[in-house]
Structure formats: structure tokens, C-alpha cells
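Colleague: Could you take me through one part of this model closely, the packing of its helices, and then place that part among the sheets and the unusual backbone spots? I would like one connected account rather than a list.

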Amino acid sequence: MSVVPPLGGIPEGVRRLGRIPVLDVEPTVRHGELPAKSVVHEQFVIRAKVFREGHDAVNATAVLTDPDGGDHYFPMRIDNPGLSAWSATVVADRPGWWSYRVEAWSDPYATWAHDAGIKIGADIDVELMCAEGVRVLDRFRRAVAGQDADTGALDRAIDALEDTGRSVVERYSLAVSDEIRGLHRVIPLRELVSPSATYPLLVERERALYGAWYEIFPRSEGAYFDAQQGHWVSGTLRTAADRLPAIARMGFDVVYLTPVHPIGTTARKGRNNTLVAGPDDPGSPYAIGSPDGGHDSIHRDLGTFDDFDFFVEQARGNGLEVAMDLALQASPDHPWVTTHPELFTTRADGTIAYAENPPKKYQDIYPLNFDNDPASAYAEVRRVIQVWLDHGVRIFRVDNPHTKPVAFWQWLIADVAKGYPETIWLAEAFTKPAMMRALAEVGFQQSYTYYAWRNTRWELEEYGRELAGDSAAYMRPSFWPTTHDILTPYMQYGGPTGWKVRAAVAAMMSPTYGIYSGYELHEHVARPGAEEQIDNEKYEYKDRQWYLYEPGGPLEGQSLSWYLRRLNDIRRWHPALRWMRNLTFHTADDENVMVFSKSRVIDYTTGERDTVLVVANLDPHATRETTVHLDLEAMGMATWSTFEAHDHMTNQTWQWRADNFVRLGPDNEPVHIIHVRSH
């Protein structure tokens, strides 16, 4: 029974509370103006404040409504009676647009059971309480019958309450038996049902939250220097496809391609971002556009659309999805300069404004202007996106989305989702938190993060708690230790141990993480004065001669490919690592040692859990010994439990408890990744 109070003088636009107040519903994004997010089968918690006047019992239910309009009910539990705090763990079983609400309700059965227990125990109003019980149980029986469930236990309890020949204790006991209480948990007698507002929920495929990415410059894969001719020969999409089996063997899920479009020659950048390019310098693939075409074309050195389709097909055959780099900017040679001049900003002297981030200047790039003619700009970008959708791309890594209007992204992502709801967008927005949040809220499924610059234990713990907390309702992180633009001092000077640590923490803490090609080879030398690699691949070909590192090759054993494969194997073995909200931090006596775990129930009938515990020495230069202190309850165990700790990195197994000694560092392995096997 739902109760709606009369309007009675409440001003228009002011939300009316229900008969029983429901306040502070979480999670919500912008008070429900934008959707919260989850993926299929991902658990998340709905919370609310629920209370009522007087002493009658109150209860609450979280309700998820699926895309077909079906309601899914999840009983809520009282977490803090004094603060009226309720919660329920919920899960959606398929993708699409869902909604959720919290329903508060009067619980007459719990009220009667409580009051009758006190009065009958004190021999006060015994027959009256039994008569009241008959009335409550009769309403309860009708509710159960309405669900086509067995009412036998209620029939017997009503008969007992009416049977004055039985002892009052027996009569009351039958009415509050475990069978009836269990039935009440499944089909409760709900009266004065008072729903909260309804909030939107977007449920997406698992790849929107979980996946291991590997970035390549297609032109480098298969490129070589022709000594006889004295110039470089570009790799192609076909030669890049030859690299796919190795990427798949390392266990990656997504292969991300930097731009494959024609590159301009005007103001082309040379090696190491110099302003003068040599005759054989290929230019930056982010300076998109030439007389050969623009964002809807493929660089002639890379091949044709048939070659692109072949690459996508080969990727799928190797279990990989293809992510395209979407860089909405143009070289001075882009066809848009003449066909769509409204897409650019014209300066007072009649020239087109090039990109600047003072004191940096990017003379080889024109930024787009979305305000001169928004309809034209939106339509042209949407046309370009359709070209790549038609060729099988369902993931877009967006370069610098924070330099374009947020409203544009909200429209574009929603418009693409109408026909291609499985499409995923990754925001490469290393910018202010407010912009990163807004981009995530309006539709970007994933976001690059500040992970590259979070190196100490307190920084990582603080950031991890933020991302696993309220932020998880709208923002899904992607952790990258390095990119083609980023090589932090930690990576420059941390040595191979540091590169292991950063890859392991990224892969275990974040459901989505990424590796830039060459990470396996510890490419750690920076361009002087910059936090990026010297001889940067943005401006030249890079022949990494992968064959030298293969078994039997002269550099066998000098690559971290085995380490990356191990990390990705662990991610596949353990479902707990596919979520972000289940992150828990533990403690260690040494401030350089970080400890965290992820735990997830994988069999609800047996209660079986999958739990992974990570212990990482963040100091790449020294082996450290310390004691770690574990919150066993957070891992689904009693505080006094012991468990079998199997380290995936060393294949050793120990008996652990709440407090354990560890020794980690360059002289062995810097990170334990432990499968927790409870007894």
C-alpha cells in the first residue's frame, strides 16, 4: 500500500516527502540529473536515511527497474540505527538504461512482534496482543498469497494465536518462528510504502570498467631503416597486425592505435619536437590532415581501409578489441581548412589560430572551434565517427577532450549510443578535477588519471579511496605508468624494479590499466628538460626489433613481457580484480610498503570468495623488511583466522594471519600478489 499525502499548500517545485521520509539517497550524480554508472553484474551499494515518527518499526527496500520496466527488489539493512542509515548491495544483470529508488515502509509485523514480546513476557494485555497479531498475520497472509507463495506457516500461526487452549508462549512462538521471519524477509508485509525520487542508472558491458590496454604507433610496427637507400621504411597496418599475437600472448584485451590518418607537412615537427623537420621525418600523427584526406582517411604509408579491416579482423581473432585515437584537431593542410573554415578560429590578421599552451606552441596543429557553427561542427565530427564505426571500431581514446565543450561530448556520446550502445570512450584529460569529473559524468566510460604522479604510499592510498568511493558512481579510472607523453622522474630513475612496481600496482588496483609499447624494454631515458622519452615516437619511427628478445634471441630475458603477461594472467584468474569499489587498504609499519586487497563473493549459494592481497614496496632502490597488518574482516574472515597465502609472483605459499613479516625489493621481487585461500 502506497500513501501519497495531499498537496495542501506545498509550493510548486518543492519536493514533497512521502509518508515515511527517505533522504540522502546515494549514489546520485548531480542530484539525479545525470546517471550513475555500473557494469553488468557489478555490485554497488545504495544508501539512504530512513526514519519515521514514534516507535513503530520502519523498513526499506532498494528497487532497481530494468530497461523493460521490471522491478528488482533488494532488502535494505540498518547500518546505524542512531543515524537512521540504511543500505543494500544491488546488481544489474544486463546492459541498458535502468533506474533505482528507495522505498521506505511501515513494518507492522516487526512492530507487533516487538511489542507483543514485551507485553506477553510481562503478562500485560495478553489476549489483546494475540488478537492484534491475528489481524497483522492475516494481512501478511494476503500479501503472501498475492505472490502465489505457500501460506501454510501463517495459517498455523493464526490458528495458534486464536487457540486460547494453548499456552501463550507457544502461541506467540509460532507467530515469530524462524519460518515466518524468513518468509517476512522474502515477502514482507509492506504498508505506507513511501518511494524516494527515481534516479537514472546506466549499466554497460564489462569492458567499460575492466580491461588491459596496449598502445602502439602502427607506423613503427614493421618499420626499418633501409641502409642501402638511406631512409626509413614505414610500417603498415599489415605489419602492425603481425605484432598482435605477441600482444595477445601478454594477455592484453585492447590494442590502442595512435592516429592512422594522413599527416600534414606545413610546420611539421622534426625529431624530438624540433621546429624543423628533415625530408624523411614522418611528423606527428596528431597533426592530422593533408591533401590525401583528414580524419576519415588512412595515411597512404599505412595502407587502405581493406588493410584496416584486416587489422581489426586479426585483432578479433587474437581476442583483442581495437581502440582508435580520436584527436579533434587539424594540420594546416587538412581538407577542413577549405571545406569547413567555420571549424577554426580566424585571428585579426586573417590567419587561423594554431594551438598554444603558453609558453608551448604547436604550429603544426589548428584547434577546432565549436562555437562558430555548432551544428556544422557537431555533424562533421559525427560523420567521421560513423566512418570508423562502420569499420568495426567500438572503443575511442579521445585526445585532450577537455579542450572541447563538455556539452559537445555529452551530445556525441549519447548520439552514438543510440545505434551503438556498446561503444566505449576513454578521456585523455590530464586536467583540473572539475573538468575530469564533468567529462565522466556526461558519458565518458573511462578516464586517464593522476596515477603517473602518485608515487608515495599516502598519495596512492588517498587517491585509491577517492576513486573507489563516491567517484565510482560516475568515473572509472585507467591507470597508465607511462604514455607517449609522460615519463615521470620515478620512471626515469626507478630502474627495472620501479617499472615492475608501477605496472603491478596499476594492474592490481585499477580494473582498467594501460601499457605503452616499449614498456617491456624499460625505455626510461627522457628528453633533457622534459618528462617524456627522448627520441619520442610521436616524431619518428621506432624499430624495437622485438625478435631480439624472443626465446633464443641474443636479448632473451631482458624484456618485462613475461612480467606483464603474469599480471594479466592474474587479472583473468581473479574476478575480484575486475571491480574498483571493492578496494580496501591495510597497513604496514614501513611507510614505503603499501598493502591493499580486493574481495568478491563469486558463489552466493556457498559464500565462496575470491580475494587478492597485494603488498608492494614502493621504494625501487632498497629492499625493505616490515610487518603488515591486515583487516581480515574486510576479506571475509574472522579477526583470528589464519589463511593460506599463495604468492603468484614467486609461486610460494605461506600460512598468514592478521600480522605478517614481509621482505620485498630489488634483490627478490618488489611486490607480492597473493591469492588468499581461507581455511
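Modeller: What follows begins with the helix packing and then moves outward to the strands, an aromatic pair and the backbone. Please keep in mind throughout that this is a predicted model.

I start with helix H1, residues 108–121, and helix H2, residues 126–146, whose axes lie 10 Å apart and make an angle of about 165°. Because of that angle, H1 counts as roughly antiparallel to H2, and the crossing in which H1 passes H2 is left-handed. On the H1 side the contact is made by Pro-108, Tyr-109, Trp-112, Asp-115, Ala-116, Lys-119 and Ile-120, while H2 contributes Val-126, Met-129, Glu-132, Gly-133, Val-136, Leu-137, Arg-139 and Phe-140. Sorted by class, the contact of H1 with H2 comprises ten nonpolar residues, one polar residue and four charged residues.

H1 also packs against H4, with the two axes 11 Å apart and an angle of about 160° between them. That angle is over 145 degrees, so H1 is described as roughly antiparallel to H4 as well, and H1 again makes a left-handed crossing as it passes this partner. The residues of H1 that take part are Tyr-109, Trp-112, Ala-113, Ala-116, Gly-117 and Ile-120, and those of H4 are Val-168, Tyr-172 and Ala-175. By class, the contact of H1 with H4 divides into eight nonpolar residues, one polar residue and no charged residues. Read against the list for H2, the residues of H1 that meet H4 include Tyr-109, Trp-112, Ala-116 and Ile-120, and these four are also among the residues of H1 that meet H2.

H4 leads on to helix H3, since the axes of H3 (residues 152–162) and H4 (residues 168–175) come within 8 Å and cross at roughly 155°. That angle makes H3 roughly antiparallel to H4, and the crossing of H3 past H4 is left-handed. Here Ala-157, Ala-160 and Leu-161 of H3 meet Arg-171, Tyr-172, Leu-174 and Ala-175 of H4, a contact whose residues divide into six nonpolar, no polar and one charged. Tyr-172 and Ala-175 of H4 thus belong to the contact with H3, and both also belong to the contact with H1.

Turning to the strands, eight of them close into a barrel with parallel pairing, in the order E11-E14-E15-E20-E21-E22-E23-E24. The twist from one strand to the next averages 30°. Within this barrel, strand E14 (residues 254–257) is joined by four bridges to strand E15 (residues 321–326), the two running parallel, and Val-254 has Glu-321 of E15 as its bridge partner. Helix H10, residues 374–389, lies across E15, strand E20 (395–399) and strand E21 (424–428), and runs at about 140° to E20.

The model holds 32 aromatic pairs. One of them is the stacked pair of Phe-396 and Trp-425, with 5.0 Å from centre to centre and 25° between the planes. Since Phe-396 sits in E20 and Trp-425 in E21, this pair ties together parts that are 29 residues apart in sequence.

A further set of six strands forms an open sheet with antiparallel pairing, in the order E25-E27-E28-E33-E30-E31. Strand E25 (583–585) and E31 stand at its edges with a single partner strand each, so that one side of each has no neighbour in the sheet. The twist in this sheet averages 25° from one strand to the next. Helix H13, residues 457–468, packs on the sheet by touching E25 and strand E27 (593–603), and its direction makes about 150° with that of E25. Strand E28 (residues 608–617) and strand E33 (residues 671–678) run antiparallel and are joined by five bridges, with His-672 of E33 as the bridge partner of Val-615.

Finally, three backbone spots deserve mention. A cis peptide bond, with omega of about 0°, joins Glu-26 and Pro-27, and Pro-27 is found in the loop between strand E1 (22–26) and strand E2 (36–39). Asn-272, although not a glycine, has a positive phi of about 55°, and it lies in the loop between E14 and helix H8 (305–317). Asn-651 likewise has a positive phi, near 65°, in the loop between strand E30 (643–647) and strand E31 (652–656).

Note on methods:
Residues are numbered from 1 along each chain as its sequence is written. This is a predicted model: local features need pLDDT of at least 70, side-chain atom pairs count only at pLDDT 80 or more; totals for chains, interfaces and linings use all residues. Side-chain values use heavy atoms; hydrogens and water are left out. Two strands pair if DSSP finds at least two bridges between them. Axes are lines fitted to C-alpha atoms, for helices over the stretch in contact, and angles run from 0 to 180 degrees between N-to-C directions. Contact means heavy atoms within 4.5 Å. Angles under 35 degrees count as roughly parallel, over 145 as roughly antiparallel, 65 to 115 as roughly perpendicular and the rest as oblique. A crossing is left-handed if the near helix is turned anticlockwise from the far one by less than a right angle, and right-handed if clockwise. Ala, Val, Leu, Ile, Met, Phe, Trp, Tyr, Cys and Pro count as nonpolar, Asp, Glu, Lys and Arg as charged, and the others, Gly among them, as polar. Rings of Phe, Tyr and Trp (its six-membered ring) pair if their centres lie within 6.5 Å; planes under 30 degrees apart count as stacked, over 60 as edge-to-face and the rest as tilted.
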